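Here are my notes on this predicted model, set out as numbered points. Please read them with the structure open beside the text.

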Amino acid sequence: MVNPASVSDSYGEWFELINVSIDQIDLNGWIIKDSQDNQHIINNSENNLWILPGEYLVLAKNSNISSNGGVVSDYTYSGISLSNSEDAVILINDQGAIVDQVEYNNNWPFSSGVSMELHDELSQNNDVINWFAAVNIYGDGDLGTPGSNYLLDSIALGKVDSNAGITRGHQNK
């Protein structure tokens, strides 16, 4: 959610990760960067920040659900702001290797209050054709499914036939 409508960008930006590996991963010491080389080092000093296989993890600019548009976040980052037109989210592990990155621009399917969804987490997530505009409402009225699978949320809301077959995936991975 690079451009929330229900609250300002400084309060409502978020993105999520999904662990597609078979290993649980501690994200402490990992780096989040944008395309302007702004960065945040993940430091959850109270605990490790584990992401289990198949699990979603929501990283938000603001963890206060009453002021961030209704996003329940797992971790709060600082030091980067996602541009509303063109930017990147780059994830670097604690060894300095780029694990994943998504570079987006105005051709991508997002607008004010509408997040982007990756419907197949094993597809090339840096290709615009694999991303879709979110249709499910969360929190204060923006569209997305932070922390959960877009299709399972659509089935629960009666927007998709539960027998349609489930492809897993969502948002940034």
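1. I18 stands opposite Y56 in strand 6, and F15 has L59 as its bridge partner in that strand. These contacts belong to the pairing of strand 1 with strand 6, residues 56-60, which is antiparallel and runs over 5 bridges. I would start from this pairing, since several later points return to strand 1.

2. The sheet that holds this pairing is open and has 3 strands, in the order 1-6-7, with mixed pairing. Its edges are strand 1 and strand 7 (75-76), each of which pairs on one side only.

3. Is strand 1 enclosed by the rest of the structure, or is it left open? Of its 5 residues, 5 are buried, so strand 1 is largely enclosed by the rest of the structure. Both of its faces are covered, with W14, E16 and I18 buried on one side and F15 and L17 buried on the other. Strand 1 is thus an edge strand of its sheet, and yet both of its faces are covered.

4. The count of aromatic pairs comes to 4. In one of them, the rings of W14 and Y138 have their centres 5.9 Å apart and their planes at 90 degrees, and because planes over 60 degrees apart count as edge-to-face, the pair is edge-to-face. W14 lies in strand 1 and Y138 in strand 12 (residues 137-138), so the pair ties together parts that are 124 residues apart in sequence. With a relative accessibility of 0%, W14 counts as buried, and Y138, at 9%, counts as buried too.

5. W108 and W131 form an aromatic pair that is tilted, with 5.7 Å from centre to centre and 45 degrees between the planes. This pair also links distant parts of the chain, W108 being in the loop between strand 9 and strand 10 (116-118) and W131 in strand 11 (residues 131-133), 23 residues apart. Both W108 and W131 are buried.

6. How many salt bridges does a search of the whole structure find? It finds 2. In one, K61 pairs with E13, and the closest N and O atoms are 3.9 Å apart; as the criterion is a distance within 4 Å, a reader who applies another cut-off may wish to check this contact. K61 lies in the loop between strand 6 and strand 7, and E13 in the loop between helix 1 (9-12) and strand 1, so the pair ties together parts that are 48 residues apart in sequence. E13 counts as buried, at 2% relative accessibility.

7. In another salt bridge, the side chains of K33 and D37 meet at 3.2 Å, N to O. What is the accessibility of the two partners? K33 counts as buried, at 18% relative accessibility, for which the limit is under 20%, whereas D37 is exposed, with a relative accessible area of 55%. D37 is found in the loop between strand 3 (31-33) and strand 4 (39-41), and its phi is near 65 degrees, a positive value in a residue other than glycine. The backbone of D37 therefore deserves a look alongside its side-chain contact.

8. Strand 8 (residues 87-92) and strand 9 run antiparallel and are joined by 6 bridges, and in strand 9 the bridge partner of D87 is Y104. The two strands form a hairpin with 5 residues between them, and in the turn G96 has a positive phi of about 90 degrees.

9. The largest pocket has a volume of about 210 Å³. Its lining has 13 residues, of which I18, N19, V20, L91 and V99 are the closest to the pocket centre. Strand 1 (14-18) and strand 9 (98-104) are the elements that give two or more residues to this lining. By class, the lining residues divide into 9 nonpolar, 2 polar and 2 charged. The pocket brings two earlier points together, as strand 1 is the partner of strand 6 and strand 9 is joined to strand 8. I18 likewise appears twice, once opposite Y56 and once among the residues closest to the pocket centre.

Definitions and conventions. Residues are numbered from 1 along each chain as its sequence is written. This is a predicted model: local features need pLDDT of at least 70, side-chain atom pairs count only at pLDDT 80 or more; totals for chains, interfaces and linings use all residues. Side-chain values use heavy atoms; hydrogens and water are left out. On a 1 Å grid over the protein atoms alone, a cavity is a set of points where a 1.4 Å probe fits but cannot get out, and a pocket is an open set with protein on both sides within 12 Å along at least five of seven lines; lining residues have an atom within 4 Å of a point. Grid points are joined across faces, edges and corners, and a volume is the space filled by probe spheres set on the points. Helices (H or I, at least four residues) and strands (E, at least two) are DSSP runs, numbered from the N terminus. Ala, Val, Leu, Ile, Met, Phe, Trp, Tyr, Cys and Pro count as nonpolar, Asp, Glu, Lys and Arg as charged, and the others, Gly among them, as polar. Buried means under 20% relative accessible area, exposed over 50%, partly exposed in between (1.4 Å probe, protein chains only). Two strands pair if DSSP finds at least two bridges between them. Rings of Phe, Tyr and Trp (its six-membered ring) pair if their centres lie within 6.5 Å; planes under 30 degrees apart count as stacked, over 60 as edge-to-face and the rest as tilted.
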